[in-house]
Amino acid sequence: MEIKMVEHNNKLRQLVRENIKVVLLDIEGTTTAITFVSETLFPYAKLHLKDYLQDNWHNDQVLNVVSELKIQSEVDKSKYGIEVPQIITTQTRSQKDNAINSVVEYVKWQMSLNQKTTALKKLQGYIWRDGYHNKEIVGHVYKDVKHVLEQLKKMGKRLCIYSSGSVEAQKLLFGHTCSGNMLSLFGGNYDTKFGDKRSASSYKKIAESIGCSLQEILFLTDIEEEAVAAIESGMHACIVVRPGNKLIDKIENYHNITSFTSLIGS
């Protein structure tokens, strides 16, 4: 078994060294603990949601995202029925509290269902931005990540992110990590505006945006369905096994690693 693992790692390193021009990275469960979003970011957004809206209610950015949330609430009402909280819109300051309370109720309802709509992610991103800047949030990355990404960049590899979190949320995390500011390592950020991560067409769009062939990209993820979609598109994929990640049957059918060091050797 150990001999097979050594052979597997050697083949993966050879692939990275000789064929790969771009390493495309998932975040949650790959570069970052799978619990970081659920145990740090989501609770922070929920706790500070109302205060943020009260402090920034007449900010154009906030008003725009509230309008987007209202549109989404109508979509959800058609899908889920009358139990969906409805957003009250108002132009008068006297009705501000009622309007804010309605947004808070709807956003918390979305979060309870673990929805990942664009409007919700935008608002969460705005709240997290304050948290990062106030040093109340520090982005988690595994200890092996920064060193290996630095080495890959020295090898001439382009590093990009593809996450369900918004591009702003991605940049906030990597700009404020426990290993320092890592933004300079990355040459591209992609979110679900490019499509669902479990759809092969999304990876084709990203490759087109990057400007290289699918066969020259290696996607790192902890989710089997995402790896399958990337492979179906023509990309290479590697499943990253981290503490707390979902166990995958027959993981030996895929490239797989427990540390980024396996990409370059110790």
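A residue counts as buried when its relative accessible area is under 20%. Keep that cut-off in hand for the stops below; the model on screen is predicted.

**Stop 1: phenylalanine 36**

Select phenylalanine 36, which lies in helix 2. Its relative accessibility is 6%, so phenylalanine 36 counts as buried. Now show what surrounds the residue. Leaving out residues up to four places away in sequence, phenylalanine 36 touches Leu41, Tyr132, Ile137, Val138, Gly139, His140 and Leu173. Add a distance label between the C-alpha atoms of phenylalanine 36 and glycine 139: the separation is 8.0 Å, for residues 103 apart along the chain.

**Stop 2: helix 7**

Leu173, one of the contacts of phenylalanine 36, leads to helix 7, residues 167-175. Colour the buried residues of this helix: Ala169, Gln170, Leu172, Leu173, Phe174 and Gly175. What covers them? The cover includes helix 2 (35-56), helix 5 (118-133), strand 2 (158-162) and strand 3.

**Stop 3: the sheet**

Switch to a cartoon view and find the open sheet of 6 strands, ordered 3-2-1-4-5-6 with parallel pairing. Strand 3 (189-190) and strand 6 (255-257) are the edge strands, each pairing on one side only.

Select strand 2, in which 4 of the 5 residues are buried. Strand 2 pairs with strand 1 (residues 22-25) in the parallel sense, over 4 bridges. Within that pairing, arginine 158 of strand 2 is the bridge partner of valine 22. Strand 2 is also joined to strand 3 by 2 bridges, again running parallel. Here the bridge partner of isoleucine 161 is asparagine 189, in strand 3.

While strand 2 is selected, show tyrosine 162 together with lysine 197. Lysine 197 lies over the face of the tyrosine 162 ring, at 5.5 Å from the ring centre.

Move along the sheet to strand 4 (residues 217-221) and strand 5 (residues 236-240), which run parallel and are joined by 4 bridges. Leucine 218 has histidine 236 of strand 5 as its bridge partner. Which helix lies across strand 4 and strand 5? Helix 9, residues 224-233, does, and this helix runs at about 170° to strand 5.

**Stop 4: the nonpolar cores**

Hide the cartoon and show side chains. The largest nonpolar core has 61 residues, of which Leu123, Leu149, Phe260 and Leu263 touch the most other members. Centre on leucine 123. Not counting residues up to four places away in sequence, leucine 123 touches Leu49, Tyr52, Leu53, Val65, Leu69 and Val107. A second, separate core has 21 residues, among them Val22, Ile210, Ile217 and Ala227. Val22 was met in the sheet, as the bridge partner of arginine 158.

**Stop 5: aromatic pairs**

Show the rings next. How many aromatic pairs are there? The count comes to 8. Begin with tyrosine 106 and tryptophan 109, a stacked pair with 5.9 Å centre to centre and 20° between the planes. These two residues are 3 apart in helix 4, so about one helical turn separates them. Are they buried or exposed? Both tyrosine 106 and tryptophan 109 are buried. Add Tyr80 to the selection: ring pairs link Tyr80, Tyr106 and Trp109 into a cluster.

Then go to phenylalanine 174 and phenylalanine 186. Their ring centres are 4.8 Å apart with the planes at 55°, so this pair is tilted. Phenylalanine 174 lies in helix 7, while phenylalanine 186 is in the loop between helix 7 and strand 3, so the pair ties together parts that are 12 residues apart in sequence. Phenylalanine 174 is buried, with a relative accessible area of 1%. Phenylalanine 186 is buried as well, at 13%.

**Stop 6: two loops with positive phi**

The last selections concern the backbone. Most residues other than glycine have a negative phi.

Select asparagine 114, in the loop between helix 4 (96-112) and helix 5. Although asparagine 114 is not a glycine, its phi is positive, about 55°. Asparagine 114 is partly exposed, with a relative accessible area of 47%.

Finish at lysine 135, in the loop between helix 5 and helix 6 (143-154). Lysine 135 also has a positive phi, near 65°. Its relative accessibility is 72%, so lysine 135 counts as exposed.

Terms used:
Residues numbered from 1 in each chain as written. Predicted model: local features only at pLDDT ≥ 70, side-chain atom pairs only at ≥ 80, totals over all residues. Heavy atoms only, no water. Core = buried A, V, L, I, M, F, W, Y, C linked by side-chain atoms within 4.5 Å. Buried < 20%, exposed > 50% of the residue type's maximum accessible area, 1.4 Å probe, protein only. Contact = heavy atoms within 4.5 Å. Pairing = 2+ DSSP bridges. Axes fitted to C-alpha atoms, helices over the stretch in contact; angles between N-to-C directions. Phe/Tyr/Trp six-rings, centres within 6.5 Å; stacked < 30°, edge-to-face > 60°. Lys NZ or Arg CZ within 6 Å of the ring centre and 35° of its normal.
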